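Take a look at the chain below, sequence and model together. The report then walks through its helices, its core and its charged pairs.

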Amino acid sequence: MGTASNEEKKQFLWGYRDSLRRIERIKAEMEELRAMRANISEGGGGARRKGYKNDLSGRMARLDELEKDRQKELDVLMQVHERIETAINSLEDTREQDVLFYHYIKGLTWWEIAERMGCTDRWARKLHGRALAHLKFSEEFLAVPP
């Protein structure tokens, strides 16, 4: 159980932006599920027929189940965010924290990072390498929470 490589650390840190995209998609899905539930409860769930009530309750239960699944996924993604923020904030050097924040959380280019930090893009990249070297955690820390 050694420490993670720089490539593993980068993949882990990029997970922040990846999870942001997934969170937005899940939120949209949950809105659709709620709209579907509202439509069904208002009587728009299908034509009246024998067994209609059972059909509606089955649909509502399925929508509830789907929404719970999406909420669980949101919870995991929020844990990923917290782990990444904790890892970045664990660095002693605030310049190293800044370069990781700007690069992985904000998604800025090296030029934009350098501009914000008042340095060259070459220095920003060098600082990035130092920050990765100073991140200390094992492969287990990188794993997505259950």
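Contact here means heavy atoms within 4.5 Å. Keep that rule in mind for what follows.

This is a predicted model, where local features need pLDDT of at least 70, side-chain atom pairs count only at pLDDT 80 or more, and totals for chains, interfaces and linings use all residues. Residues are numbered from 1 along each chain as its sequence is written, and side-chain values use heavy atoms, with hydrogens and water left out.

**The overall picture**

The protein chain has 6 helices and 0 strands. Helices (H or I, at least four residues) and strands (E, at least two) are DSSP runs, numbered from the N terminus. The order of elements from the N terminus is α-α-α-α-α-α. Of the 146 residues, 35% count as buried. Buried means under 20% relative accessible area, exposed means over 50%, and partly exposed lies in between (1.4 Å probe, protein chains only). The accessible surface of the chain comes to about 9,400 Å², and 51% of this surface belongs to carbon and sulfur atoms. Accessible areas come from the Shrake-Rupley method with a 1.4 Å probe; for residues, only the protein chains shown count as cover. Among contacts between residues at least 6 apart in sequence, 70% join residues at least 24 apart.

**The core**

In soluble globular proteins, nonpolar side chains tend to be buried together. A nonpolar core is a set of buried Ala, Val, Leu, Ile, Met, Phe, Trp, Tyr and Cys residues joined through side-chain atoms within 4.5 Å. The largest one in this chain has 23 residues. Leu 13, Ile 84, Val 99, Leu 100, Ile 113 and Leu 135 have the most contacts inside this core. Five helices each supply at least two of its residues: H1 (6–44), H2 (52–89), H3 (94–105), H4 (110–117) and H5 (121–134). Which helix gives the most to this core? H3 does, with 5 residues.

Now take Leu 13. Leaving aside neighbours within four places in sequence, Leu 13 is in contact with Ile 84, Ile 88, Leu 100, Tyr 104, Leu 132 and Leu 135.

**Helix H3 up close**

At the start of H3, a side-chain oxygen of Asp 93 reaches to within 2.7 Å of the backbone nitrogen of Arg 95. After H3 comes Gly 107, with a positive phi near 75°. The buried residues of H3 are Glu 96, Gln 97, Val 99, Leu 100, Tyr 102, His 103, Tyr 104 and Ile 105.

Gln 97 sits in H3. Is Gln 97 buried or exposed? Gln 97 is buried, at a relative accessible area of 17%. Its side chain reaches the backbone oxygen of Asn 89 at 3.3 Å. That is a polar contact (a pair of N or O atoms within 3.5 Å; within protein, one must be able to donate a hydrogen and the other to accept it, and residues adjacent in sequence count only if both atoms are side-chain atoms). Beyond four places in sequence, Gln 97 is in contact with Ile 88, Asn 89 and Leu 91.

**Aromatic pairs**

Rings of Phe, Tyr and Trp (its six-membered ring) pair if their centres lie within 6.5 Å; planes under 30 degrees apart count as stacked, over 60 as edge-to-face and the rest as tilted. The count is 2 aromatic pairs. In one of them, the rings of Trp 14 and Tyr 104 have centres 4.8 Å apart and planes at 70°, so the pair is edge-to-face. Trp 14 lies in H1 and Tyr 104 in H3, so the pair ties together parts that are 90 residues apart in sequence. Trp 14 is partly exposed at 29%, whereas Tyr 104 is buried at 1%.

**Salt bridges**

Side chains of opposite charge can pair when their charged atoms come close. A salt bridge is a side-chain nitrogen of Lys or Arg within 4 Å of a carboxyl oxygen of Asp or Glu. The count is 11 salt bridges. The table lists some that join H1 and H2.

| H1 residue | H2 residue | N to O distance | Separation in sequence |
|---|---|---|---|
| Glu 29 | Arg 70 | 2.5 Å | 41 residues |
| Arg 34 | Glu 67 | 2.9 Å | 33 residues |
| Arg 37 | Asp 64 | 2.9 Å | 27 residues |

Glu 29 is buried at 17% relative accessibility, while Arg 70 is partly exposed at 21%. Glu 67 is buried at 13%, and Arg 34 is partly exposed at 40%. Arg 37 is buried at 19%, and Asp 64 is partly exposed at 33%. Salt bridges also link Arg 22, Arg 25, Glu 29, Arg 70 and Glu 73 in a network.
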